[in-house]
Amino acid sequence: MSYREEVLNRVITENPRQPEFHQAVREVMESLGPVIDANEAFYRREAILERLTTPDRQIQFRVTWVDDQGNVRVNNGYRIQFNNAIGPYKGGIRLHPTVNRSVMRFLAFEQIFKNSLTGLPIGGAKGGSDFDPKGKSDREVMLFCQSFMSELYKYIGADVDVPAGDIGTGAREIGYLYGTYKRLTGRYEGVLTGKGLTYGGSLVRTEATGYGVIYILEEMLKHHGNDIEGKTIAVSGAGNVATYTIQKAQQLGAKVVTCSDSTGWIYDPEGIDVALLKDVKEVRRARLTEYAAARPSAQYHEGKGVWSIPVDIALPCATQNELDLEDAKMLVNNGVIAVVEGANMPTTIEATKYFQANKVLFIPGKAGNAGGVATSALEMSQNSERLSWSFEEVDSKLQGIMKNIYQQVSGAAKEYGKPEDFVTGANIAGFLKVTTAMHAQGIY
């Protein structure tokens with residue numbers, strides 16, 4: 001049995017009933033063969049893979065709050081600080097009913113490699129709660145956030161761990177969390193990113209993940225003699241990532257014809273109306289049925305189906321494992337040429353392999369989704385300097401980072417004998433930077 005297989009088996013045995021975490025580790029272990037197998041004795045002696053797959057720290061705590069009816073409610077809160085070899089822990093806070101320890105560990109593990117690929121000094125972490133902000137009043141969300149931060153603040157800081165937003169955690173939630181941190185510590189510092197522009201936030205942060213998806217797609221297409229203009233695109237999701245992915249794609253001449261939420265999906269052959277989508281999801285906080293009601297060209301469908309529409313490019317921007325093997329077969333049969341993951345691990349391993357086997361250009365989430373955390377790190381820099389950069393300056397830096405990520409991923413894939421395998425390239429490029437830092441800093 002190889003060293004990689006031993007470590008994967010250990011992870012599965014020691015972390016039962018954590019399928020998302022197992023999936024994330026398995027993908028990385030499969031990709032690292034060209035690196036690990038060539039120098040297995042060194043990596044085994046240093047226990048690099050054991051250290052890499054074991055979090056530095058796992059925090060779980062109770063979050064108690066009172067709803068508008070006066071009832072006491074209890075949720076679970078988490079922060080997984082996975083690896084800080086290259087910088088302070090960095091990763092979002094997810095508020096969603098699906099949050100559990102497995103999801104938190106998978107997201108934090110992925111964040112190690114994603115943050116490494118940005119080229120910026122940030123380590124990997126993730127946090128969240130099984131609290132659902134949907135349908136809650138502003139007062140209820142505020143009370144939850146205050147309770148959540150009342151425990152979390154003990155473990156974070158501008159040079160220790162800098163959380164950000166994620167699913168369910170937008171500007172409202174970040175504001176409440178930051179206000180509580182400031183009140184509890186008496187410190188005004190860049191401990192959270194995704195803040196409002198009036199109190200230390202960065203321009204482009206809202207758009208960053210979605211824009212980054214398109215910037216890396218654009219770079220990949222350019223290197224394959226193609227471009228985004230005139231392409232028809234399917235996007236899943238209707239949150240922050242999906243909305244700004246759609247916006248930037250259409251600014252560059254593509255037509256995005258789908259989006260989705262937890263109950264159904266939209267097909268709009270005239271192209272998604274971004275202003276209307278923002279109104280429905282960001283202002284009204286409503287379902288996509290209201291988009292269809294206001295847009296005569298749009299068709300609303302219950303359940304799954306966003307990948308059934310013939311398109312040139314697919315951009316999954318919703319949640320983990322949303323695009324399975326059957327979806328991949330539909331997309332390939334309909335002529336898709338490229339897939340970029342805008343969410344964290346939205347494509348199953350079987351679907352990913354099917355795309356690769358059928359010569360579909362495929363960028364994994366740890367590369368395609370990295371624009372958000374990259375711009376969060378740029379927000380940290382602005383906070384440290386007590387400066388605010390212009391929209392154009394931040395956007396230019398984001399474009400440069402995403403282009404560099406593609407070049408790292410593509411270069412590593414070629415160097416290790418897997419040209420065009422951008423999953424392997426992303427994992428190897430991220431791994432080498434982190435483990436080189438781990439080795440340099442000794443055993444601890």
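Start with helix H9, residues 208-222. In this predicted model, H9 lies across three strands: E10, E11 and E12. Strand E11 covers 338-340. H9 runs at about 145° to E11.

Now the sheet under discussion. E10, E11 and E12 belong to an open sheet of seven strands. Read the order with me: E9-E8-E7-E6-E10-E11-E12. The pairing is mixed. Which strands sit at the edges? Strand E9, 299-302, and strand E12, 361-363. Each of these pairs on one side only. So much for the order; next, the twist. On average, neighbouring strands here are turned by 15° against each other, direction ignored.

Let's look at one pair inside that order. Strand E6 is residues 232-236, and strand E10 is residues 313-316. They pair in the parallel sense, over four bridges. If you want a spot to click on, take Ser236, which stands opposite Pro316 in E10.

Last topic: the N-terminal helices. H1 spans residues 3-14, and H2 spans residues 19-31. Their axes are 10 Å apart, and the packing angle is about 175°. Angles over 145° count as roughly antiparallel, so H1 is roughly antiparallel to H2.

Which residues make that contact? From H1, we have Arg4, Val7, Leu8, Val11 and Ile12. From H2, they meet Phe21, His22, Val25, Arg26, Met29 and Glu30. And the chemistry of the contact? Seven of its residues are nonpolar, one is polar and three are charged.

That's my tour. Questions, please.

Notes: Residues are numbered from 1 along each chain as its sequence is written. This is a predicted model: local features need pLDDT of at least 70, side-chain atom pairs count only at pLDDT 80 or more; totals for chains, interfaces and linings use all residues. Side-chain values use heavy atoms; hydrogens and water are left out. Axes are lines fitted to C-alpha atoms, for helices over the stretch in contact, and angles run from 0 to 180 degrees between N-to-C directions. Helices (H or I, at least four residues) and strands (E, at least two) are DSSP runs, numbered from the N terminus. Angles under 35 degrees count as roughly parallel, over 145 as roughly antiparallel, 65 to 115 as roughly perpendicular and the rest as oblique. Contact means heavy atoms within 4.5 Å. Ala, Val, Leu, Ile, Met, Phe, Trp, Tyr, Cys and Pro count as nonpolar, Asp, Glu, Lys and Arg as charged, and the others, Gly among them, as polar. Two strands pair if DSSP finds at least two bridges between them.
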